[in-house]
Amino acid sequence: MIRLGAASALFADRGEPAVSAQGVPVQPARAPGVRASDGPAPEPSGPKTPAPKSPAPDTRPGRRPVRAAAARIVARLRAAPLTLTLLAVLWAVGGASGSLAHGASRGVLAKAGVGLPTLAEGHWWAPVTSLFWCASAGSYISTSLLLLLLGPVAESRLGRPRTLAVLVVGQLLGTLLGSGLSAVAARADDQWAAAAEQTAIGPVTGLFALAGVLGYRLTVLWRRRLHLLVVLVPLVMTLYVGHLQSVQRISGALIGLAAGALLSRGRPHLRSHRSSHTETRVLVALCLVAAALGPMIASLYDNAAGPFNTFSEIYLSHRLTPDEVAEFCARSAHDCARAHAVERIFDTPARLMATLFPALLLVLAEGLRRGLRLAWRITIATELLWTALLVWLFTETGTGSGDVLQYFVEALLLPLITTALLLATRKRFPLRVPRAVLGRLALVVGGALAVASAAYAGLGVLTAGQFEPGATLRGLVAGLPAQFLPPAYNDLMPHYPIAVGPFARFLETYCGLAFWAVALTALLLAFRRPVLHVDAEDATRARALLTEHGGGSLSFLTTWDGNHYWFDEDGRAAVAYRVLNTVALTTGDPFGAPDARRRAVAGFARYCDARGWTPCFYSVTPETRSAAEQLGWRSLQVAEDTVVALPELAFTGRKWQDIRTALNKAGKQGITAEWWSYHEAPIALKEQIRAISEEWVSEKGLPEMGFTLGGLEELDDPAVRLLIAVDQDRTVHGLTSWMPVYENGEPVGWTLDFMRRRSDGFRGVTEFLIASAALGFKQEGASFLSLSGAPLARSEKEPPTGLQKTLDWLGRVLEPVYGFRSLLAFKAKFQPEYRPMYMAYPDPAALPSITRAIGKAYLPHLTPAQGVRLMRKLSS
């Protein structure tokens, strides 16, 4: 497989325990905290090979991991004396002052709290003393959990003196800056006047500052997530609740981020913040979750006064107050009946309809996290609909022209920002829900809507006397929108019959609720289904053909998403391809029955010619090249596969010194190799794998590459095996993934795909993992191991042609960015056999379009800015 760098994947152990060159067994997959003597690992999915002999299984499978996890937590807390001291002081002061039992009294707030009132009275100590109290028992619990979460990590990464300094200084500056901002905002807008008069207490402002600094000492994945959360949480509270403590916390967070950037100057890996496609989707989903939960959080506060809370009832319906009910009753008898009907909703299960909009956004966030285009489109439509409703509401209420700017800033800013974010990241959501799933989704949702509507209108006509005024079919149909919208939207609906009888109330309560329960559940299930190829049936057929007859060392790449498939007339051979700018670019050689593969080259060429496409066989073996040359095609070497024969493999002799050194060092440092299947790996291991991968992507500063380069999404395949290097603390130092090479339905070889390591981990981890995998595969009876190819790099055994010289020059130019030649040199440590890989094409005049197609395949999401950045790196 063509590789531009390292990557990772997961694998399941099926043979006897692998043995290292020193006779040390390679550990099978086990849950964190389970010793090798505890029993066998759970049976993972993957290719079937003989199971290893193991001792009797542990009869208490759940107790040892829990006990081990508890022991690790206790050990971490023991190593954090500063955190425990601060926690003890906080609770001791709370207990002695009565704040823990009854909440902070007015006297405590007046003397120890910080805000404009206390600062105006000269309480200069207030920013410091606010560290040692909390406002209520719930605040004590949440603050303690936050302290226990951040404190031990901060002491380990920052050191105790710096942790204490950041906490105290962040509390001082954050509370002072937040109080000042509240005063400025109160002068600009009366809505902030209440916040300017408040007094806040508690160490959370300092903890947010600590989190901002701490993020710079974490891996790229967790740095980005922590920084997003440390800004989003207080920002949402500020915009929706608008209390002083929220303003102080966002101030503390910003101070922490600024201080962390200053303290981390000169650390090269912090310069680039490029995120992978998967992580970008996670971050966008988190932003949508914040937009959904903001109004719900604000509803818990009786005096919420944030600017975004002005029209929060459009998101979350609120119960009418007695004054509002009286106002409706003063208008007309119909409006009075409608107001009482809305009131009744909150006394029935239909009150869940009040949270319909946030619930919909949360379901859509799951779809965005999975990169689905359908979720992206529905979210865009939802945000635009909300914007239209706000504009209509503004027009209907006849707000004065002087309030136009304030209205649009406060009410329309959130949906417009969300829409802009989705439009800016639209290319990150290309995955399409399979047609069969989409059809079932439309059938379920449409059927639920039809049944609910028919039940309300049809049964309502039969009980017309239980409505006020008497119900007619036309009137009930006119009132259908009100049954499927939250209570807050009732004012937007025309007059419709109001339920007054028991059965009519039953229809009014459950028809809309039942529809949305079915619709949201169906939508969530559709989002959570695995996203298959566009041609799912062809993909299944192609995989069966590949498993039965096999192919080249890169043929498993044909199972990846994004490929289409051509089959010969007999269905005995297939070609995986993708069409880019009228170029049909294949993913490796034809695969299937060996005697049909050569004929497949000509058959696929005819298929492309009939459609006006230019065929190009990419990364193919000399056999495919020879078949193409018989058609008069040209060819060009584009990479070199590196194959290690396993039957006679032994790490003896001087040429294997580097490999033996890596194995020896791993043994001395307590690092072992474990086989896993990605979908069965514990969450802790998956998160570390994601963090290592995200760090690698971020350091490149360029988009993730695709086509023949696998990522995290390609790991979740039962046939792919993952070998990880972990130490005694269950820290992952590196990982490699291996794809099967089939023959007669069984894997006879394995190809390296993903190969990445922790930046601060064991230096020889990659050599250790590949050597361990080779020994394990050898013991299973595999014939060979392919370390895959390095593009634009070759051993230069053959004299280059004119065009080949150009590619060699391009490989040298790209070396500082992607390290193609360094990768090939690294693989030389394993004494491989070099096998050239070619690109075969019919017409030299098509080379420019073929080149563009290959670039588009590898970098489908390259933006103009990234293209400029790449050019700068190449020219520097």
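Visitor: In which loop, between which two strands, does Asn744 lie?

Guide: In this predicted model, Asn744 lies in the loop that runs between β11 (732-743) and β12 (746-757).

Visitor: What makes Asn744 exposed rather than buried?

Guide: Its relative accessible area is 64%, and the term exposed is kept for values over 50%, so Asn744 is exposed.

Visitor: What is said of the phi of Asn744, and which other residue is described in that way?

Guide: Asn744 has a positive phi of about 55° although it is not a glycine, and Ser619 likewise has a positive phi, of about 60°, without being a glycine. Most residues other than glycine have a negative phi.

Visitor: Where is Ser619, and why is it called buried?

Guide: Ser619 has its place in strand β7 (residues 614-620). Its relative accessibility is 3%, and buried means under 20%, so Ser619 counts as buried.

Visitor: How many helices and strands does the protein have, and what percentage of its residues is buried?

Guide: There are 33 helices and 14 strands, and buried residues make up 53% of the 876 residues. The accessible surface comes to about 38,800 Å², with 61% of it belonging to carbon and sulfur atoms. Among contacts with a separation of 6 or more, 78% are made by residues 24 or more positions apart.

Visitor: Which residues have the most contacts inside the largest nonpolar core, and which helices supply it?

Guide: That core has 51 residues, and Leu368 and Trp516 are those with the most contacts inside it. At least two residues each come from α13 (277-298), α16 (356-369), α17 (373-397), α20 (435-462), α22 (480-484) and α23 (502-528), and α23 gives the most, with twelve residues. Leaving aside neighbours within four places in sequence, Trp516 is in contact with Met353, Leu356 and Phe484. Apart from this core lies another, of 37 residues, among them Trp560, Ala574, Tyr742 and Ala857. In soluble globular proteins, nonpolar side chains tend to be buried together.

Visitor: Why is α13 called roughly antiparallel to α16?

Guide: The two helices pack at an angle of about 175°, with their axes 8 Å apart. Angles over 145 degrees count as roughly antiparallel, which makes α13 roughly antiparallel to α16. On the α13 side the contact is made by residues including Val284, Leu288 and Ala292, and on the α16 side by residues including Leu361, Leu364 and Leu368.

Visitor: How do you know that Thr379 is buried, and what is in contact with it?

Guide: Thr379, which has its place in helix α17, has a relative accessibility of 0%; the cut-off for buried is under 20%, so Thr379 counts as buried. Beyond its neighbours within four places in sequence, Thr379 is in contact with Leu288, Leu364, Leu368 and Leu422. A polar atom of the Thr379 side chain lies 2.6 Å from the backbone oxygen of Ala375, and a polar contact is a suitable pair of N or O atoms within 3.5 Å.

Visitor: What makes Thr175 and Ser179 buried, and in which helix is their place?

Guide: Thr175 has its place in helix α8 (residues 160-188), and Ser179 has its place in α8 as well. Thr175 has 0% relative accessibility and Ser179 has 1%; buried means under 20%, so Thr175 counts as buried and Ser179 counts as buried too. Neighbours within four places in sequence aside, the contacts of Thr175 include Val114, Ser130 and Gln248, while those of Ser179 include Val114, Leu119 and Gln248. The side chain of Thr175 also has a polar atom 2.6 Å from the backbone oxygen of Gln171. The C-alpha atoms of Thr175 and Ser130 are separated by 9.1 Å, although these residues are 45 residues apart along the chain.

Visitor: Why is Leu158 called buried, when its relative accessible area is 10%?

Guide: The cut-off for buried is under 20%, so Leu158, with 10%, is buried. Leu158 has its place in helix α7 (residues 137-158), and its contacts beyond neighbours within four places in sequence are with Thr163, Leu210, Val213, Leu214 and Arg217. Of these, Val213 is 55 residues away along the chain, with 8.8 Å between its C-alpha atom and that of Leu158.

Terms used
Residues numbered from 1 in each chain as written. Predicted model: local features only at pLDDT ≥ 70, side-chain atom pairs only at ≥ 80, totals over all residues. Heavy atoms only, no water. Core = buried A, V, L, I, M, F, W, Y, C linked by side-chain atoms within 4.5 Å. Buried < 20%, exposed > 50% of the residue type's maximum accessible area, 1.4 Å probe, protein only. Helix = DSSP H or I, 4+ residues; strand = E, 2+ residues; numbered from the N terminus. Contact = heavy atoms within 4.5 Å. Areas by Shrake-Rupley, 256 points an atom, 1.4 Å probe, with all protein chains shown as cover. Polar contact = N/O pair within 3.5 Å; in protein donor to acceptor, adjacent residues only side chain to side chain. Axes fitted to C-alpha atoms, helices over the stretch in contact; angles between N-to-C directions. Parallel < 35°, antiparallel > 145°, perpendicular 65-115°, else oblique.
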